[in-house]
Amino acid sequence: MTTPPKLRILFLCTGNSCRSQMAEGWARRLRGDVVEPYSAGIVAHGLNERAVRVMAEAGVDISTQSSQTLADHTGVVLDYIVTVCDHAASSCPAPPPGVTVVHAGFDDPPTLTADFSDEEAKLAVYRRVRDEIRGFVETLPAALRAVTDPPQTRIV
């Protein structure tokens with residue numbers, strides 16, 4: 001019996017600094033047997049230190065991942081693009097034929113905590129979003145296969 005090929009999923013957000021990085025890390029850790037994860041942003045903002053910290057608290061090291069854009073993945077044949085923020089969903093360029101775009105939006109911790117002065121309060125938001133992303137990733141790939149026809153379907 002042969003093992004089916006892994007689904008190649010790119011998680012896309014605005015800056016590839018936080019949510020898409022978390023999703024890539026969770027996918028590699030929890031679903032690496034069936035998913036080949038990537039992440040990118042509309043632009044590259046660099047890794048968010050708090051995202052790295054809260055993922056490490058959960059036992060997932062994303063510190064060696066790098067902030068990239070879609071252009072950095074032009075040679076990768078993808079099965080899915082999962083937009084993890086509304087801006088990426090509205091700004092996602094037309095995908096190549098056969099690539100399904102799925103939207104699974106999550107709050108943006110840096111935006112939500114911009115006015116917070118308490119570091120622990122900031123980290124609490126990052127942890128909540130981290131855990132929400134984990135819950136979504138745990139449903140892969142079944143959640144994605146449910147929307148494969150027609151291509152470019154968007155779900156929330």
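**Notebook: cysteines, sheet, salt bridges**

I started at Cys18, which comes out buried at 2% relative accessibility. My cut-offs for this: buried is under 20% relative accessible area, exposed is over 50%, and partly exposed is in between, with a 1.4 Å probe and protein chains only.

Before going on, a note on what I'm looking at. This is a predicted model, so I keep local features at pLDDT of at least 70 and side-chain atom pairs at pLDDT 80 or more, while totals for chains, interfaces and linings use all residues. Residues count from 1 along each chain as its sequence is written, and side-chain values use heavy atoms, with hydrogens and water left out.

**Cysteines**

How many disulfides does a search of the whole structure find? I get 0, taking a disulfide as a pair of cysteine sulfur atoms within 2.5 Å. Why is Cys18 not bonded? The closest cysteine sulfur to that of Cys18 sits in Cys13, 7.6 Å away, which is too far for a bond. I then tried Cys85: its closest cysteine sulfur is also in Cys13, and 5.4 Å is again too far for a bond. Cys85 is buried too, at 4% relative accessibility.

**The sheet**

Next I traced the strands. I take helices (H or I, at least four residues) and strands (E, at least two) as DSSP runs, numbered from the N terminus. Two strands pair if DSSP finds at least two bridges between them.

What order do the strands take in the open sheet? I read β2-β1-β3-β4, 4 strands with parallel pairing. The edges are β2 (35–41) and β4, each pairing on one side only. Neighbouring strands are turned by 25° against each other on average, direction ignored. For angles, the axes are lines fitted to C-alpha atoms (for helices, over the stretch in contact), and values run from 0 to 180 degrees between N-to-C directions.

I zoomed in on β3. With β1 it pairs in the parallel sense over 4 bridges: Leu10 has Ile81 in β3 as its bridge partner, and Leu12 stands opposite Thr83. With β4 (residues 100–103), β3 also pairs in parallel over 4 bridges, and there the bridge partner of Val82 is Val102.

Then the faces. In a regular strand, side chains alternate between the two faces of the sheet. In β3, Tyr80 and Val82 point one way, Ile81 and Thr83 the other, and all are buried. Is the edge strand β4 covered on one face or both? Both: Thr100 and Val102 on one side, and Val101 and His103 on the other, are all buried.

For the helices around the sheet, I noted two things. β3, helix α3 (residues 86–91) and β4 form a right-handed β-α-β unit; right-handed here means that, with the strands pointing away from the viewer, the path from the first strand over the helix to the second runs clockwise. Helix α1 (residues 19–31) lies across β1 and β2 and runs at about 175° to β2, with contact taken as heavy atoms within 4.5 Å.

**Salt bridges**

Side chains of opposite charge can pair when their charged atoms come close. I count a salt bridge when a side-chain nitrogen of Lys or Arg is within 4 Å of a carboxyl oxygen of Asp or Glu, and the structure holds 12 of them.

I looked up three. The first joins Asp79 to Arg8 at 3.4 Å, N to O. It links distant parts of the chain: Asp79 is in the loop between α2 (49–57) and β3 (80–83), Arg8 is in β1 (residues 7–13), and they are 71 residues apart. Asp79 is partly exposed at 21%, as is Arg8 at 24%.

The second is Arg130 with Glu57, 3.8 Å, N to O. Arg130 lies in helix α5 (residues 119–137) and Glu57 in α2, so this pair ties together parts 73 residues apart in sequence. Which of the two is buried? Arg130, at 9%, whereas Glu57 is partly exposed at 40%. I also logged a network of salt bridges that links Arg53, Glu57, Glu120, Arg127, Arg130 and Asp131.

The third is Arg134 with Glu138 at 2.9 Å, N to O. Arg134 is partly exposed at 31%, and so is Glu138 at 44%.
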